[in-house]
Structure formats: structure tokens, C-alpha cells
Amino acid sequence: MTPRLFDSKTLLLTMIISIASGKGGTGKTTVATNLAFAIGKAHILDCDVEEPNSHIFIKPEITSKSPVYIPVPEIDKSKCDFCGKCAEVCAYKAIAVLKTDVLVFKELCHGCGACEYFCQKKAIKEVNRTIGYIETGEKGDLLFTGGKLNIGEAMAAPLIKEVKNRVKLQMTNIIDAPPGTSCSMIEAVTASDFCVLVTEPTPFGLNDMILSVEVLRKLHIPFGVIINRSDLGDDKTVTYCEKENIPIIMKIPFDKNIAMAYSQGKSIIEALPEYKQKFIALYEDLKERIE
Ligand code: SF4
Ligand code: SF4
């Protein structure tokens with residue numbers, strides 16, 4: 001079973017829908033933001049922390065901004081006997097112990113605390129290292145939470161976890177996940193009630209979607225596929241989904257008005273109001289699948 005964030009009492013009213021894609025540029029954020037606009041009262045969480053862009057379409061009024069830290073070790077060499085235990089227990093090779101020195105590679109440290117726990121000389125204390133920040137805001141009835149990783153920073157997963165800690169109970173939460181199948185994507189989609197995979201009908205799109213399908217099956221997260229620019233490319237994606245019993249929950253044909261709206265930071269619904277009903281229908285379909 002998918003690990004649950006909430007108890008059974010609140011779970012009934014709390015929904016987490018993640019929007020993911022095997023590769024970037026398939027329209028994941030377009031689907032996430034238009035779904036949020038169509039629902040009207042929802043919470044969108046931008047977990048694509050290396051390249052967040054849902055705020056461009058939501059245009060929230062930002063009401064708070066707070067840094068996110070991970071704890072990294074600081075060595076007190078006056079207490080250290082250079083026994084090497086901290087380096088031995090560090091699974092991420094973030095510490096090297098020399099004859100008379102201890103080197104900490106902070107950018108490799110995941111803040112797990114193992115080195116401090118195992119240091120018998122109490123020579124390690126944890127200090128905070130900023131990895132990025134979280135912004136929260138609102139646009140009408142839409143709530144917005146977005147993470148932004150510092151430039152050059154590798155530790156996306158702890159920031160994504162912090163964004164997800166702000167999931168709202170008794171609301172529909174839409175997670176804009178990072179593309180690909182890295183640990184960042186896994187962190188973002190874990191505990192979702194349903195994952196929407198956005199793809200395009202091209203060989204690259206299909207290849208990367210198959211990788212995402214494998215990850216979601218391992219995580220036991222129910223999922224369905226949206227084919228964007230569905231009238232371009234080939235029919236191999238449809239054939240694959242049929243063969244694998246994967247529901248195709250929406251198709252969005254290519255439309256230059258959609259492309260223009262995207263380039264201007266506008267939602268599809270704004271540019272083509274007839275899409276509002278289509279995204280409401282998608283939401284109803286997702287609710288049924290989750291329930
Ligand atoms: S475990 Fe503690 S005492 Fe041993 S090398 Fe590391 S910091 Fe020094
Ligand atoms: S906190 Fe964990 S990851 Fe960081 S240096 Fe210590 S053992 Fe390694």
C-alpha cells in the first residue's frame with residue numbers, strides 16, 4: 001500500500017493528486033495549473049524545485065517566504081581523536097577522516113545525523129545549511145506553495161519533503177512533480193492518491209513514460225495518462241497503454257492558441273474557455289478513480 005500522510009478520519013476529505021512526466025516539456029505544469037483553475041478551490045504545490053514555474057500561471061500573491069535548511073556536521077577538532085567512525089557510517093561519502101583532520105563535504109551531506117549519533121567523543125554538532133526556500137501565497141480560492149532550490153544545490157529531496165509537509169487537510173492538493181524518475185520525482189509523488197502522467201506521442205515521450213510507469217507500479221500508486229499534443233507523433237503510446245491496461249484519461253490535441261497562451265504565462269482555460277469543462281470532467285474522473 002502507498003504510505004499515507006494522514007489518518008483515516010481526515011483522509012476522506014483530503015486528496016493528493018500528483019502530476020508527473022517522464023521527460024520535461026510535455027505539459028505537466030499546464031495540466032497541474034489548469035486542473036487547479038478548473039477546480040477553483042484547491043492547493044497547488046510546486047515540487048519541481050529545480051525549475052518551478054507553476055507560479056507563472058497561477059500568479060499568486062506571495063504572503064510568506066521561508067528558508068529551508070538541512071543539518072550538516074561541524075567538527076570540533078579539539079575533541080576529535082580521528083577514529084574514523086563518522087566517515088565509516090556516512091552512506092553518502094560526505095566525510096573523510098585524515099590523520100589530523102576531518103573534511104566535511106557539505107554539498108554531499110543528506111543531514112541524516114548518523115555521524116553525530118555515532119561520534120563517541122561528542123566532537124560533532126549540527127549546523128544548518130540553507131538549500132532553498134518555500135513561498136506560500138494565494139490567488140482567489142487557490143492556495144499556492146512552491147519550493148525553489150538554491151542554484152547549484154543538489155539536495156532537492158529534503159526541500160520537496162518540506163513543500164509536501166504543507167499539504168492541506170480537507171482540500172484537493174495538486175502536486176506539480178519534477179520530470180523524470182529520479183529520487184526527486186519519487187519524493188514528490190509518494191503518498192499521492194493518484195498520479196497523472198503527462199506524455200506526448202513520440203518515441204522519446206513513450207520511452208520516458210514507460211520508465212515512470214515502472215516507478216509508479218513499484219510505489220503502488222494508481223495512475224493514468226494524459227497525452228498532450230495527441231494528434232502529433234504516432235499511435236504507439238495509445239497501443240502501449242491499451243496493452244498495459246493503463247487508462248488514458250485525457251487527450252489534448254495540438255493547438256497553436258495553447259502554445260501562445262503558454263508562452264504568455266496564461267492558462268489554457270483563459271485562452272480557450274471551453275477547456276474549463278474538460279478539466280472539470282477530468283477532476284470528476286480522478287475523484288471517482290480515487291474514491
Ligand atoms: S567519529 Fe567523532 S571522534 Fe571520530 S573522527 Fe569522527 S568526529 Fe572525530
Ligand atoms: S549527517 Fe549523514 S550524510 Fe551528513 S555527513 Fe553525517 S552521516 Fe553523512
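A residue counts as buried here if 20 or more other C-beta atoms lie within 10 Å of its own. In this predicted model, Gly146 has 26 such neighbours within 10 Å, and is therefore buried. Gly146 sits in strand β7, which runs over residues 142-149. Setting aside residues up to four places away in sequence, Gly146 touches Asp46, Pro52, Ser54, His55 and Glu135. Gly40 is another matter: 106 residues separate Gly40 and Gly146 along the chain, and their C-alpha atoms are 18 Å apart.

Stepping back to the whole protein, buried residues account for 43% of its 291 residues. The secondary structure adds up to 12 helices and 11 strands, and the C-alpha trace spans about 70 × 45 × 40 Å along its principal axes. As for contacts between residues at least 6 apart in sequence, 73% of them join residues at least 24 apart.

The domain assignment splits the protein into domain 1 (8-68 + 132-290) and domain 2 (77-122). The C-alpha centres of domain 1 and domain 2 lie 39 Å apart.

Then there is the nonpolar interior. The largest nonpolar core takes in 78 residues, and Leu35, Ala36 and Ile174 have the most contacts inside it. Helix α2 (residues 28-39) is the top contributor to this core, giving seven residues. Domain 1 and domain 2 both supply residues to this core, so the core lies between them. Looking at Leu35 itself, and leaving out neighbours within four places in sequence, its contacts are Ile174, Phe279, Leu282 and Tyr283.

The model also carries ligands, and the surroundings of two of them can be taken in turn. Ligand 1 is surrounded by 14 residues, the closest being Cys80, Cys83, Lys85, Cys86 and Cys119. Sorted by class, the shell around ligand 1 comes out as 10 nonpolar, one polar and three charged residues.

Ligand 2 is likewise surrounded by 14 residues, and here the closest are Cys90, Ala94, Cys109, Cys112 and Cys115. Strand β3 (61-75) and helix α5 (114-118) are the elements that give two or more residues to the shell around ligand 2. By class, that shell holds 11 nonpolar and three polar residues, with no charged residues.

Note on methods
Residues are numbered from 1 along each chain as its sequence is written. Chains are lettered from A and ligands numbered from 1 in the order in which they are written. This is a predicted model: local features need pLDDT of at least 70, side-chain atom pairs count only at pLDDT 80 or more; totals for chains, interfaces and linings use all residues. A residue is near a molecule or strand if its C-beta atom, placed from the backbone, lies within 6 Å of it. Ala, Val, Leu, Ile, Met, Phe, Trp, Tyr, Cys and Pro count as nonpolar, Asp, Glu, Lys and Arg as charged, and the others, Gly among them, as polar. A nonpolar core is a set of buried Ala, Val, Leu, Ile, Met, Phe, Trp, Tyr and Cys residues joined through C-beta atoms within 7 Å. A residue is buried if 20 or more other C-beta atoms lie within 10 Å of its own, exposed if 12 or fewer, and partly exposed in between; C-beta atoms are placed from the backbone. Helices (H or I, at least four residues) and strands (E, at least two) are DSSP runs, numbered from the N terminus. Domain bounds come from an automatic or database domain assignment. Two residues are in contact if their C-beta atoms, placed from the backbone, lie within 7 Å.
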